[in-house]
Amino acid sequence: VIDKGQPEHSVITTCAYCGVGCSFKAEMKGDEVIRMVPYKGGDANHGHSCVKGRFAFGYATHKDRIKQPMIRDSIDQPWREVGWEEAIAFAAQRLKAVQAEHGRESIGGITSSRCTNEETYLVQKLVRAAFGNNNTDTCARVCHSPTGYGLKLTLGESAGTQTFDSVMQADTIIVIGANPTDAHPVFGSQMRRRLREGAQLIVIDPRRIDLLKTPHLKDAQHLALRPGTNVALVNALAHVVIDEGLEDTQFIAERCDTQAYQAWRDFISDQRHAPERVESITGVPAEAVRRAARSYAKAANGAIYYGLGVTEHSQGSTMVIGIANLAMATGNLGREGVGVNPLRGQNNVQGSCDMGSFPHELPGYQHVADAAVRGRFERAWGVALDDEPGLRIPNMFDAAIAGTFKALYVQGEDIAQSDPNTQHVEAALRSLECLIVQDIFLNETAKFAHVLLPGSTFLEKNGTFTNAERRINRVRKVMAPLAGKEDWEVTVALSNALGYPMDYRHPSEIMDEIARLTPTFSGVDYDKLERLGSIQWPCDERHPDGTPTMHVEDFPIGRGHFAITEYLATEERTNGRFPLLLTTGRILSQYNVGAQTRRTHNQVWHDEDVLEVHPHDAEVRGISDGDWLGISSRSGQTVLRARISERMLAGVVYTTFHHPGSGANVITTDSSDWATNCPEYKVTAVQVEKVSQP
Ligand code: SF4
């Protein structure tokens, strides 16, 4: 790291990586960022940061940044650099031509959880008002869409219930399918502090995560379950609560729908959910399940934190519902130290969902079929809106291959690398007549594009991100956009070229519009954000300064709703040909597909994805550390280097997907969550064999 001396000035902004949403001071010399210093006044991070965030500014000025719009007639032609006006006109003309020939429903747009709330809001507005359909979806589809579904159904709001600081009041902490010290490092450290103070830890994960190595842990429990058996396990935990009379009868009577509770109680009391009966499914000893259920239910404050190991399954939504059932049954909601807390992977997963990116919901999770809601948006936007939900991302791919979906606008998302079954995604993209990619680098998706519009990084724009605790943080422009436009300005230009006028001078005006149309944001504006530093929604007349803890007095749906969670085994089964289960995750120094972190200082810590293999599985295959391994599944093959690790269960292998060459998504399955189509990244049956160097 080069010491660049004293800054001339600084700007406070928000990290653009994970869902913690740390505040930083970007220290500047002239137009150059010389360092990022964690901001002590940051409400989410209180002056802490991780290695990713500190070096994030590196990618903003990387030589690979796209600085000029580019167009081409077909994907086998070379790119032609053009000015903004020509590129926007080309894109608009192509979209219009596709709709004229193939119909209004033949085009759509994908928003990004890396972009700001204001940018995301504009993309879904573009799709609904200018494209005239609801074919808008977000990359949250492939991570936390089951959270949106499951928490809305049970608790009435598609969001986590607590602040991060709430963990400091928790007595028993359950972490399910998450690895906070790697994926949410600042919050992971905070959780560690609470564990060192004596809180009890229960980890439900096939992998031995680093939290379990926290020094001086009091009686930590690790339920190392088989991938794909989450729902069986959460049902067994709930069964113990009822079986041993550990439920919070007062909370249930006063706060929950007692009829739904009784139906759920009858369901969960059945002996088929007893830990002793479920042991053969999950692989977790019955006594360990009983002990964990007692620890959680008897704790003064029991808190559950979960990640993609919960959502990215064929029963992802069922598992989210199961977690909410467990929290309601034990009264662990509505105060500090408890709650149901999804750890969002990207900086603005919460925000992109809040802003109406889903094909069935307008901003604020308001359904498109609700005539009163639609009428409000129609009056504000001056256009009639479609009342039918549009296509989800996987449906867009299927429709593209079927020949009914012909054009796509993708802002800030590398679907070719991040979505499952790469061959299928590439075939879909190749079949489009018009693919418009707006991004900061020439990513894998751009290889199939006809229009490339330069994106802007978080340092080049104004706006807001919403973190995993519903906290709306300001993103402030630190330097001028390298290509001359912020992302929201590009969407505005495209909309105007399509004939649907948009007119904003600053993202604050977009937020004012969001507040007018979204009840949970009705009290949010940039002046208040300046005054308070950050705001946790709901922010409305009842909660003018925001809501740190949700569901204190009631639920948005009145009473908490228990729902039935029948366990169904995943269709992805091991057999003689594919005897191991592959699961995927992230590491501390890298972020998702690595497009940003691979272009920063972080690259020095991690230059390839590896396959973690349990010593037993390695021994029977004659595998040593560093060997090249061929990994094959029912979907495809890839090659990775071996790392022998005791962190995995025997029979389970693990890899990351930070590099384009990893091929992780070439081998992952086509299965997805029954309610939301979130892909089942976490369970793929594979075979692993030693191969010579690729
Ligand atoms: Fe904070 Fe996450 Fe950024 Fe690290 S990556 S600085 S934990 S927001």
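This report describes the domains, sheets, helix packing and backbone features of a predicted model.

## Model and confidence

The structure is a predicted model. Its chain has a mean pLDDT of 93, and 95% of the residues reach 70 or more. For the complex, the predictor gives an ipTM of 0.99 together with a pTM of 0.92. Where pLDDT is low, predicted coordinates should not be read in detail.

## Domain arrangement

The chain is divided into four parts: domain 1 covers 9-61, domain 2 covers 70-142 + 347-536, domain 3 covers 145-342, and domain 4 covers 580-690. Domain 2 is thus assigned as two stretches of sequence, 70-142 and 347-536, and the residues of domain 3, 145-342, are numbered between these stretches.

Domain 2 and domain 4 have C-alpha centres that lie 30 Å apart. To the contact between them, domain 2 gives 15 residues and domain 4 gives 16 residues. On the side of domain 2 that touches domain 4, the elements giving two or more residues are α17 (415-418) and α18 (422-430). By class, the residues on this side of domain 2 are four nonpolar, six polar and five charged.

## The open sheet

An open sheet is formed by seven strands, and its pairing is mixed. Across the sheet, the strands follow the order β5-β4-β17-β16-β15-β6-β7. The edges are occupied by β5 (80-81) and β7 (136-138), each of which pairs on one side only.

Within this sheet, β6 stands beside β15 in the strand order. Strand β6, residues 107-111, runs parallel to strand β15, residues 407-411, and four bridges join the two. One of the residue pairings places Gly108 with Leu408, its bridge partner in β15.

## The barrel

A second group of strands closes into a barrel. Six strands take part, in the order β21-β25-β22-β24-β23-β26, again with mixed pairing. From one strand to the next, the twist averages 45 degrees.

In the barrel order, β22 is followed by β24. Strand β22 (residues 610-613) pairs with strand β24 (residues 637-644) in the parallel sense, over four bridges. Val610 stands opposite Arg641 in β24.

## Packing of helices α7 and α11

Helix α7 spans residues 230-243 and helix α11 spans residues 286-298; their axes come within 9 Å and cross at roughly 65 degrees. The crossing of α7 and α11 is right-handed.

From α7, the residues in the contact are Leu233, Ala236, Leu237, Val240 and Val241, which meet Val289, Arg290, Ala292, Ala293 and Ala297 of α11. The contact of α7 with α11 comprises nine nonpolar residues, no polar residues and one charged residue.

## Backbone features in loops

Two loop positions carry backbone features of note. The peptide bond from Trp537 to Pro538 is cis, and its omega is near 5 degrees. Pro538 is located in the loop between β20 (534-536) and β21 (580-585); β21 is one of the strands of the barrel.

At Tyr365, a residue other than glycine, phi is positive, with a value near 60 degrees. Tyr365 lies in the loop that runs between β13 (361-362) and β14 (366-367).

How values were computed: Residues numbered from 1 in each chain as written. Predicted model: local features only at pLDDT ≥ 70, side-chain atom pairs only at ≥ 80, totals over all residues. Pairing = 2+ DSSP bridges. pLDDT = per-residue confidence, 0-100. Axes fitted to C-alpha atoms, helices over the stretch in contact; angles between N-to-C directions. Left-handed = near helix turned anticlockwise from the far one by under 90°. Contact = placed C-beta atoms within 7 Å. Nonpolar A, V, L, I, M, F, W, Y, C, P; charged D, E, K, R; others polar. Domains from an automatic or database assignment.
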